[in-house]
Amino acid sequence: VQLQASGGGLVQAGGSLRLSCAASERPFGSYVMGWFRQAPGKEREFVAAIRRSGGSSYVYSDSVKGRFTISRDDAKNMMHLLMNNLKPEDTAIYYCASNPRYLITSQVRSEASYEYWGQGTQVTVSS
């Protein structure tokens, strides 16, 4: 599976951006797709994930909960991250990732659980 992230850019604090992740293959029912980010000088951290097993379930990091919304469109092999009320501390390279198997919540938050990664898209939030 190849993933392609897009939609990053420069935005002022309080603004919004919508990231997209295009997958080369149609995700199956138990696919987990997620977003991670890496700020300069920091380790990559979990942002959000969506699990599809029957219905959908969502996991967010505390730092973005209430501001970011993750969604997926399996018919188009796409995943999105709508980021509202952006803050300068959201500045980072954002990566999309996926895993073909169901993951429990603790696994969803770990980058080691994901098999496929996109190349990243830069998000810069100015104060």
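**View 1. Arg37 and its partner Glu45.** At 5% relative accessibility, Arg37 sits on the buried side of the cut-off, since buried means under 20%. This is a predicted model, so take the side chains in that spirit. The salt-bridge partner of Arg37 is Glu45, with 2.6 Å between the closest N and O atoms. Glu45 itself is partly exposed, at a relative accessible area of 36%. The pair is also part of something wider: a network of salt bridges links Arg37 and Glu45 with Arg67 and Asp90.

**View 2. The largest pocket.** Here we're looking at a space of about 180 Å³. Its lining counts 14 residues, and the ones closest to the centre are Arg37, Lys42, Glu45, Glu89 and Asp90. Some of those names should ring a bell: Arg37, Glu45 and Asp90 belong to the salt-bridge network. As for the make-up of the lining, eight residues are charged, three are polar and three are nonpolar.

**View 3. Arg72 with Asp74.** What holds these two side chains together? A salt bridge, at 2.9 Å from N to O. Buried or exposed? Both Arg72 and Asp74 are buried.

**View 4. Glu115 reaching Arg101.** This salt bridge comes in at 2.5 Å, N to O. Glu115 belongs to the loop between helix H1 (105-108) and strand S10 (116-117), while Arg101 belongs to the loop between strand S9 (92-99) and H1, so the pair ties together parts 14 residues apart in sequence. Both ends are partly exposed: Glu115 has 39% relative accessibility, and Arg101 has 47%. In general, side chains of opposite charge can pair when their charged atoms come close. Across the whole structure, the salt bridges number seven.

**View 5. Stepping back to the whole chain.** How many helices and strands are there? The chain has one helix and eleven strands, arranged along the sequence as β-β-β-β-β-β-β-β-β-α-β-β. Its radius of gyration is 13 Å, close to the 14 Å from the globule rule for 127 residues, so the chain is as compact as a globular protein of that length. Along the principal axes, the C-alpha trace spans about 40 × 30 × 25 Å. Buried residues make up 45% of the 127. For the contacts with a separation of 6 or more, 59% are between residues 24 or more positions apart.

How values were computed
Residues are numbered from 1 along each chain as its sequence is written. This is a predicted model: local features need pLDDT of at least 70, side-chain atom pairs count only at pLDDT 80 or more; totals for chains, interfaces and linings use all residues. Side-chain values use heavy atoms; hydrogens and water are left out. A salt bridge is a side-chain nitrogen of Lys or Arg within 4 Å of a carboxyl oxygen of Asp or Glu. Buried means under 20% relative accessible area, exposed over 50%, partly exposed in between (1.4 Å probe, protein chains only). Helices (H or I, at least four residues) and strands (E, at least two) are DSSP runs, numbered from the N terminus. On a 1 Å grid over the protein atoms alone, a cavity is a set of points where a 1.4 Å probe fits but cannot get out, and a pocket is an open set with protein on both sides within 12 Å along at least five of seven lines; lining residues have an atom within 4 Å of a point. Grid points are joined across faces, edges and corners, and a volume is the space filled by probe spheres set on the points. Ala, Val, Leu, Ile, Met, Phe, Trp, Tyr, Cys and Pro count as nonpolar, Asp, Glu, Lys and Arg as charged, and the others, Gly among them, as polar. The radius of gyration is taken over C-alpha atoms; the globule rule is 2.2 Å times the number of residues to the power 0.38. Contact means heavy atoms within 4.5 Å.
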